[in-house]
Amino acid sequence: MSYNNPIPVAVAMIFNSDFSKVLVGKRSIEPRVGGDALIGGYTDEGETPEMAIRREVGEETGRQIGAAVLHYELSAITPDNRMLLFFSTSVPDVLFDGVQDSPEMHNIRFISPDDLESAPLCFPLHHHALQMAWRHHRPDLFQNSTLSYS
């Protein structure tokens with residue numbers, strides 16, 4: 001008997017210290033080259049999702065989030081059988097000032113909910129998870145927003 005178990009992918013929602021912005025970057029690799037996305041990637045053998053996030057942040061930004069506490073937010077299965085595990089944390093804004101491009105991601109920056117409303121993330125599940133987390137952590141940012149869960 002063979003099993004078609006989902007492949008785990010750890011995704012980081014790295015918010016600034018007051019949760020008013022989140023770190024995104026433009027993808028330099030497939031799929032969806034040039035689209036804005038959260039930082040994340042496959043979980044390697046023997047890694048926890050938290051370990052994978054710390055590794056991916058280092059690989060994609062050249063920065064380390066150190067002992068920042070990662071909070072589980074949401075899981076979802078994609079149509080191509082990937083299990084996305086979303087975690088959030090907050091860091092001082094200056095931690096990612098002047099981040100250099102990497103082979104996987106460029107134009108890494110913090111965006112606001114208004115930025116997200118005008119330019120959605122390239123992966124619908126990233127977009128959905130971020131909306132849910134933002135509404136949980138900072139509902140005041142959405143009082144006059146048309147940003148929806150769709």
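Two residues are in contact here when heavy atoms of theirs lie within 4.5 Å. By that rule, Val-33 touches Arg-27 and Ser-28, leaving aside residues up to four places away in sequence. Welcome to a short tour of this predicted model, a protein chain with three helices and seven strands. The stops are the overall build, the loop around Val-33, another backbone detail, a buried acid and the salt bridges.

**Overall build**

- Reading from the N terminus, the elements of the protein chain follow the order β-β-β-β-α-β-β-β-α-α.
- The radius of gyration of the protein chain is 15 Å, which agrees with the value near 15 Å for a compact globule of 150 residues.
- Along the principal axes, the C-alpha atoms of the protein chain fill a box of roughly 55 × 35 × 30 Å.
- Of the 150 residues in the protein chain, 44% count as buried.
- The protein chain has an accessible surface of about 7900 Å², and carbon and sulfur atoms account for 54% of that surface.
- If we take the contacts between residues at least 6 apart in sequence, 66% of them join residues at least 24 apart.
- The protein chain carries 11 positive and 20 negative charges, and the mean positions of these two sets are 3 Å apart.

**The loop between β2 and β3**

- Val-33 sits in the loop that runs between β2 (22-27) and β3 (36-37).
- Is Val-33 buried or exposed? Val-33 is partly exposed, because its relative accessible area is 49% and the partly exposed class lies between the cut-offs of 20% and 50%.
- The C-alpha atom of Val-33 is 9.1 Å from that of Met-105, although 72 residues separate the two along the chain.
- Pro-31 belongs to the loop between β2 and β3 as well, and a cis peptide bond with omega of about 0 degrees joins Glu-30 to Pro-31.
- Arg-32 is also found in the loop between β2 and β3, and its phi is near 65 degrees, a positive value in a residue other than glycine.
- With a relative accessible area of 43%, Arg-32 is partly exposed.
- As background for these backbone details, most residues other than glycine have a negative phi, and most peptide bonds are trans.

**A positive phi between β5 and β6**

- Asn-81 lies in the loop between β5 (71-77) and β6 (82-91).
- The phi of Asn-81 is near 65 degrees, again a positive value in a residue other than glycine.
- Asn-81 counts as buried, because its relative accessible area is 19% and the cut-off for buried is under 20%.

**A buried acid in helix α1**

- Glu-60 is part of helix α1, which covers residues 49-61.
- Which side chain of opposite charge is nearest to Glu-60? That side chain is Arg-27, at 5.9 Å, and Glu-60 has no salt bridge although it is buried.
- The missing bridge fits the cut-off, because a salt bridge needs a nitrogen and a carboxyl oxygen within 4 Å.
- Setting aside residues up to four places away in sequence, Glu-60 touches Ile-39, Gly-40, Ser-102, Glu-104, Met-105 and Ile-108.

**Salt bridges**

- How many salt bridges does the structure hold? There are eight of them.
- In one of these, Lys-26 pairs with Asp-36, and the closest N and O atoms are 3.2 Å apart.
- Lys-26 lies in strand β2 and Asp-36 in strand β3, so this pair ties together parts that are ten residues apart in sequence.
- Lys-26 is partly exposed at a relative accessible area of 24%, whereas Asp-36 is buried at 9%.
- Glu-56 and Arg-55 also meet in a salt bridge, with 3.0 Å from N to O.
- In that pair, Glu-56 is buried with a relative accessible area of 6%, while Arg-55 counts as partly exposed at 21%.
- Arg-138 bridges to Asp-140, with the closest N and O atoms 2.7 Å apart.
- Here Arg-138 is the buried partner at 17% relative accessible area, and Asp-140 is partly exposed at 39%.
- Salt bridges with shared partners also link Asp-44, Glu-47, Arg-55, Glu-56 and Glu-59 into one network.

Notes
Residues numbered from 1 in each chain as written. Predicted model: local features only at pLDDT ≥ 70, side-chain atom pairs only at ≥ 80, totals over all residues. Heavy atoms only, no water. Helix = DSSP H or I, 4+ residues; strand = E, 2+ residues; numbered from the N terminus. Rg over C-alpha atoms; globule rule 2.2 N^0.38 Å. Buried < 20%, exposed > 50% of the residue type's maximum accessible area, 1.4 Å probe, protein only. Areas by Shrake-Rupley, 256 points an atom, 1.4 Å probe, with all protein chains shown as cover. Lys, Arg positive; Asp, Glu negative; His and termini not counted. Charge placed at Lys NZ, Arg CZ, Asp CG, Glu CD.
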